[in-house]
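Please examine the fold, the burial of side chains and the charged contacts in the chain shown here.

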Amino acid sequence: MLKIQTQIEETDPSVASACLLADRLALGSDEIICQFRQSLDGVSSPLISTTELWGEAREHARLVIQECAEALRESERPSAANAALGLSVGLSTRGPLQSVHPADTLRSSGLLFQICLQYLVTAAAGLPPEQSSACLGRAVAALNHSLATCLQVSAAGYDAYLLKKVEESATGHRQRLARDLHDRLGQSLALAYRCLDLHDQAMAEGYGPATRDRHLGRVRGALDEATGYARGLISDLRTRPGATGLAEALLEYAEAHQAPGVRVHIEVNGDESWVPAGHAEELFLVLREFLRNSLTHAAPSTVALEVDVAPHRVDCFAHDDGIGFDQAAPPARDGRSGTGLLSMRERVQALGGTLHLTSAPGVGTGMRLSLLLPEPDPATAPDGRG
């Protein structure tokens, strides 16, 4: 306590008060998280339904508190805790948390905000009145920023979860289609061939026209059945491309550049045929550049990249746990630093999309890319005629 009071006397009073409030908030982290757990239990939140889910939610709450404290101490610099928060949420919402509905995430964020605010109000009670309001205002702004980061990334994770479910449903449909092709179309064609064999055998053994015509009639019936099924199938079938063309290309690139011991995870959800060829090529170049930077310069142990493809948009999330970099630092004199990032931004902007990078020394690098897709050209779209 004597040390803190000495700091208050030797520094600007407003800065000292903010630091004091930050220290009190950091010391109360465990108490806040305990109250958060009890509140989630009170509303039967799915975030405490399993040990894994609560572990991720607890870590996010800890990072939110940490960023709030850092924002109070260092108001003029971007918070490294927020970079860590974005990476942590982005990673965990690719796991168990991605199945949590946004409404439950929003409710849990509201509970954490209320608990933190109540704690801050109590902790600020002993501060000089003229500094208490300003400190609380900064703390509330930091809380809002952190929780907005959680909500944004969690919502994107839930979108990815839904896309994955759609893809799983499509996979199940293709399996059913294969069974139907075998059991219906295949059986009808097999019957047709069998009846042709019987027709040839009847001719060889000298049977009369009635027998041969009966076999030919069965051939026609089987072919009519097969044709009817094929026509119905064509009228309903939606074209699906090869499963993961983009993922395979990126994995091939990563395998050629990754150092031993580096884990690379690449996943593409959705239907790549929704992405026009020109957009797909530019998207590949941007994502490949992120992989190149991570594998060449960041010295990571893990690099993860996910692409979520919907009919009218593409969202990409990438992160590594490497050394990170200072986004405010000037480019290196050799011209290498920043060139690739500038190229990435220009390509995305040329397509009308947005690209956000988050990084800080020691906390890795994250990227979010969002791209709206153009409406399909009616002149080149299938017309359904067979």
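The questions and answers below treat the sheet, the helices and the salt bridges in turn.

This is a predicted model, in which local features need pLDDT of at least 70, side-chain atom pairs count only at pLDDT 80 or more, and totals for chains, interfaces and linings use all residues. Residues are numbered from 1 along each chain as its sequence is written, and side-chain values use heavy atoms, with hydrogens and water left out.

Q: What is the order of the strands in the open sheet of 5 strands?
A: Helices (H or I, at least four residues) and strands (E, at least two) are DSSP runs, numbered from the N terminus. Two strands pair if DSSP finds at least two bridges between them. The sheet is open and its pairing is mixed, and the order of its strands is β1-β2-β3-β5-β4.

Q: Which strands stand at the edges of the sheet?
A: The order of the open sheet is β1-β2-β3-β5-β4. A strand with a single partner has one side left without a neighbour in the sheet, so the edges are held by β1 (263-269) and β4 (354-359).

Q: In which sense do β1 and β2 pair, parallel or antiparallel?
A: Strand β2 covers residues 302-310 and meets β1 over 7 bridges. Within this pairing, V268 has V307 in β2 as its bridge partner. The sense of the pairing is parallel.

Q: How many bridges join β3 to β5?
A: On one side, β3 pairs with β2 in the antiparallel sense over 8 bridges, and L305 has A318 in β3 as its bridge partner. A hairpin leads from β2 to β3 through 2 residues. Towards β5, D315 stands opposite S370; β3 and β5 run antiparallel, and the number of bridges is 8.

Q: How many of the 8 residues of β3 are buried?
A: A residue is buried under 20% relative accessible area, exposed over 50%, and partly exposed in between (1.4 Å probe, protein chains only). One residue that meets the limit is D315, with a relative accessible area of 11%. The strand is largely enclosed by the rest of the structure, because the count of its buried residues is 7.

Q: What angle does helix α10 make with the direction of β2?
A: Contact means heavy atoms within 4.5 Å, and on the sheet α10 (residues 277-297) touches β1, β2, β3 (313-320), β4 and β5 (365-372). Axes are lines fitted to C-alpha atoms, for helices over the stretch in contact, and angles run from 0 to 180 degrees between N-to-C directions. The angle between α10 and β2 is about 165°.

Q: What distance separates the end C-alpha atoms of helix α3?
A: The expected span of a helix is 1.5 Å times one less than its number of residues. For the 14 residues of α3 (residues 29-42) the expected span is 20 Å, and the model agrees, with the end C-alpha atoms apart by 20 Å.

Q: Within what arc do the buried residues of α3 fall?
A: The buried residues in α3 are S29, I32, I33, F36 and L40, while the face turned away from them carries the exposed residues D30, Q38 and G42. The arc is that of the directions from the helix axis to the C-beta atoms. Seen down the axis of α3, the buried residues line one face of the helix, because their arc is 95°.

Q: Which residue forms a salt bridge with D23?
A: A salt bridge is a side-chain nitrogen of Lys or Arg within 4 Å of a carboxyl oxygen of Asp or Glu, and the whole structure holds 6 of them. In this pair the closest N and O atoms are 3.0 Å apart. It links helix α2 (residues 13-27) to helix α4 (residues 51-73), across 50 residues of the chain. The partner of D23 is R73.

Q: Is E289 buried or partly exposed?
A: The side chains of E289 and R292 meet in a salt bridge with an N to O distance of 2.8 Å. Being 3 residues apart in helix α10, the two are separated by about one helical turn. R292 is partly exposed at 28% relative accessibility. At 16% relative accessibility, E289 counts as buried.
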